Amino acid sequence: MAHETPERMRYLVELAAPEGGWADIERMMRQARSTALETGETRFIRSIFVPEDSRFYVLYEADSPEHALLAATRAELEVARVSGTVQTTGGS
């Protein structure tokens, strides 16, 4: 019998746009990645920056929106909102 992995969701975390440009974005993404790895509660998927709208997002996979928010706040990111996106089952 195959081992079943619980369903997880992907959460889009909207952040305040950094004022320091690309250097700040790179620093924020390093923090987001390393914090997610340290906690093990979330998985950093990718970041999205929309310069025309000054919108900046991090996509996490987590068991709950609270875990995604916790990962972002532990990474010292300024969170504007957390939204659920795509539900996934199992592996990557």
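Select Thr 42 first: this residue is buried, with a relative accessible area of 6% (buried means under 20% relative accessible area, exposed over 50%, partly exposed in between, with a 1.4 Å probe and protein chains only). Thr 42 belongs to strand 2; helices (H or I, at least four residues) and strands (E, at least two) are DSSP runs, numbered from the N terminus. The model is predicted: local features need pLDDT of at least 70 and side-chain atom pairs count only at pLDDT 80 or more, whereas totals for chains, interfaces and linings use all residues. Residues are numbered from 1 along each chain as its sequence is written, and side-chain values use heavy atoms, with hydrogens and water left out.

Display next the surroundings of Thr 42. Leaving aside neighbours within four places in sequence, Thr 42 is in contact (heavy atoms within 4.5 Å) with Arg 8, Ala 36, Tyr 60, Glu 61, Ala 62, His 67, Ala 68 and Ala 71. Asp 63 is 21 residues from Thr 42 along the chain, and their C-alpha atoms are separated by 7.5 Å.

Ala 36 leads to helix 1, where it is one of the buried residues, together with Ile 25, Met 28, Met 29, Ala 32 and Thr 35. Viewed down the axis of helix 1, these buried residues fall within an arc of 140°, so they line one face of the helix; the arc is that of the directions from the helix axis to the C-beta atoms. They pack against strand 1 (8-15), strand 2 (42-50), strand 3 (55-62) and helix 2 (65-74). Rotate to the other side of helix 1 to find Ala 23, Arg 30, Leu 37 and Glu 38 exposed. After the helix comes Gly 40, with a positive phi near 75°.

Now select the largest nonpolar core, a set of buried Ala, Val, Leu, Ile, Met, Phe, Trp, Tyr and Cys residues joined through side-chain atoms within 4.5 Å. Among its 18 residues, Leu 15, Met 29, Phe 44, Val 58, Tyr 60 and Leu 77 touch the most other members. Strand 1, helix 1, strand 3 and helix 2 each supply at least two residues of this core, and helix 1 gives the most, with five. Centre on Leu 77: not counting residues up to four places away in sequence, it touches Leu 15, Met 28, Ala 32, Val 58, Tyr 60 and Ala 72.

Finish at Glu 76, in the loop between helix 2 and strand 4 (79-88). Glu 76 counts as exposed, at 68% relative accessibility. Its phi is positive, about 60°, although Glu 76 is not a glycine. Most residues other than glycine have a negative phi.
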